[in-house]
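Open the model in your viewer and keep the selection panel at hand. The stops below go from the ligand to the cavities.

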Amino acid sequence: MVSTTSEIADLRARYRAERDRRIRPGGGGQYRQTTGEFGYYAKDPYTERVEREPVTDRVEATVVGGGFGGLLTGARLRQAGVQDIRMVDEAGDFGGTWYWNRYPGIHCDIEATVYMPLLEEVGYVPKWRYAPGEEIRQHAVAIAKRFDLYQHALFHTKVVDLRWDDDAAEWTVTTDRGDVFRSRFVVLSSGLLTQAKLPGIPGVETFRGHTFHTSRWDYGYTGGDQNGGLHRLADKRVAVVGTGATAVQVVPHVGRDAKHLYVFQRTPSTVDVRDNRPTDPALLDGQRPGWQRERMDNFLTIVSGGHADVDLIGDRWTATANLQRMFLSGTRSELTEEQLELADLATMNGIRARVDEVVTDPAVAALLKPWYRYMCKRPTFSDEYLQTFNRPNVTLVDTADHGGITRMTETAVVVGDDEYEVDCVVFATGFEVGISGILSGTLQVHGRGGQNIFDHWAHGFRTLHGFFSHGFPNLFQLGPVHNANAVNFVHILHEQAIHIGAMVGAALERGARRIEPSREAEDAWAATIDRCAHDSFRFQSECTPGYYNNEGDPLPMSFSFGPGPIAFHQLLRTWRTDGGMEQVLWNE
Ligand code: NDP
């Protein structure tokens, strides 16, 4: 247990030094997009693209994105009485991140009873405490079927342009498949971490072996499935690049099945205990309706700083709630800064001690220890990852001193002067951070008078509650901007879908043709966000680089509602019942 002032000072200095040697010039610019000459990395390996005639009809609502955000919105729109709902996704089916990510070992590390939405409505009980990816994907499909969302769905289709027609009070939606159709309402829910990214390693294009990104796992090459059994790797030397939350789940399987595995690490993850097990049948026996809501609320309350008499989930997320609050929700802890730092050190010391307990070679153990504060990077959980480095066929290659992999040749991955000959390179290098395609420019949105939403946001986001903007009627978006954030982001999406469903339902009920915030409401909300935005800048700027802190160059403010999700959801409920709705419904 760390307690003395000098021990704390030493650790702070160590954290700073480890951070400094990882700061890279170029920040996010160090990565390559999976487009153009690297577009084949983004190709759908799971569903064949089928040619079809362009669609030119009219629907009541279009939902862009078939992950949980889109599905939950589709379900709530259906319950609000919307008849024709068109779901659109670039993937070949529903599931969002669970459609794309099918790598061996994939699981969700948030407990399934709070992560998997609409369990009671769909009548499903998760088999495992932490669900495998395929179970979650199938649940997404079940939600789509339960709420009849396949009916007008367009898959392998990307919405590229939205244009508001003020006379008709509806949107013209254009896609990359030549579709041009009309829609009264449009909801954007295309996710935050969707575009796979590749490291900008010199020579990556010259490598002649096999390569793919974890979000497009090539089972044709590896054999096996999400449960493992990668039998075709038995005679292969495989490189896994990256050691984030994805790699922590992938590495045990590749280590078990490949002839040799090289893990190229730049920054080690925190790897805490997983302790997965089948769902206890007694857990849900005789539960009253509303049990899932109760568990979700309990989890969100605890991890975002509220008070709960009991901890219904009782896992490593709730045990480290104090450390997450400041960073994710913005809610303040009842602990002082100093107490928080001590709690952080105790957690991190536990994680580092576990590395020593599990990894037999002390030199390898030293490399696997993370030296930063707990929430600097996405925490991970595994009871197999660290153990994999005890295998004789697994080599950890630490690249921190070289800022990552130095270069690639036709046959090898090179770090400094050392060349590692491999047959296959698996990029577990994560995703670009984006908002519904708008910020990356892949979706053009033209509101009233042809105004581009990008211009409307040129000097900062302008929305009411994060959902919609003045001049862009009947257009809603999901996401954390001007809204809420939490580790169980599906819970946030759930509340967003309820809110959008309620607004569209009110419009239908009252015959309103437009829903749109006034300029004044938008100004007032921007001022609220500015006033109470939580400042995690200092925390972030002391962190090791990663996508959480814009690769070591953190933004000065969070864009989410500072008092946190519990307060925000209450604010929305009050707004809905206390006349807020009347101010955004327009009939002319
Ligand atoms: P991450 O962005 O978290 O990790 C990318 C990894 O690639 C890092 O270890 C990074 O190192 C490394 N890397 C990047 N460039 C290089 C390079 N040039 N040389 C060597 N290494 C390099 O991506 P993940 O796919 O692991 O995770 C993304 C997110 O997906 C998670 O944060 C989480 O939100 C979600 N996820 C959730 C899961 C769940 O159970 N709910 C499971 C898996 C993922 P460095 O750290 O130094 O930048």
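This tour says what to select at each stop and what is there.

**Before you start.** This is a predicted model, in which local features need pLDDT of at least 70, side-chain atom pairs count only at pLDDT 80 or more, and totals for chains, interfaces and linings use all residues. Residues are numbered from 1 along each chain as its sequence is written, and side-chain values use heavy atoms, with hydrogens and water left out.

**Stop 1: the ligand shell.** Select the ligand and the residues around it, meaning those with a heavy atom within 4 Å. You should get 26 residues; Asp109, Thr246, Thr267, Lys377 and Tyr547 are the closest. Colour them by class: eleven are nonpolar, ten polar and five charged. Here Ala, Val, Leu, Ile, Met, Phe, Trp, Tyr, Cys and Pro count as nonpolar, Asp, Glu, Lys and Arg as charged, and the others, Gly among them, as polar.

**Stop 2: backbone contacts.** Show polar contacts (pairs of N or O atoms within 3.5 Å). Go to Asp109: a backbone N or O atom there lies 2.8 Å from a ligand oxygen. At His107, a backbone N or O atom is 3.2 Å from an oxygen of the ligand. Gly244 places a polar backbone atom 3.4 Å from a ligand oxygen. How much of the ligand's 930 Å² does the protein cover? The answer is 89% of the accessible area that the ligand has on its own (Shrake-Rupley method, 1.4 Å probe).

**Stop 3: elements and domains.** Select strand S7 (193-199) and helix H8 (245-257), the elements that give two or more residues to the shell. H8 gives the largest share, three residues. Helices are DSSP runs (H or I) of at least four residues, strands (E) of at least two. Now colour domain 1 (10-43 + 197-274 + 372-431) and domain 2 (58-194 + 433-586); each supplies at least three shell residues.

**Stop 4: the largest cavity.** Centre on Ile453, Trp457, Phe467, Leu475 and Gln477, the closest to the cavity's centre among its 13 lining residues. Strand S20 (residues 475-477) gives the most to this lining, three residues. The lining has nine nonpolar, four polar and no charged residues.

How values were computed:
Polar contact = N/O pair within 3.5 Å; in protein donor to acceptor, adjacent residues only side chain to side chain. Domains from an automatic or database assignment. 1 Å grid on protein atoms, 1.4 Å probe; cavity = no way out; pocket = protein on both sides within 12 Å on 5 of 7 lines; lining within 4 Å.
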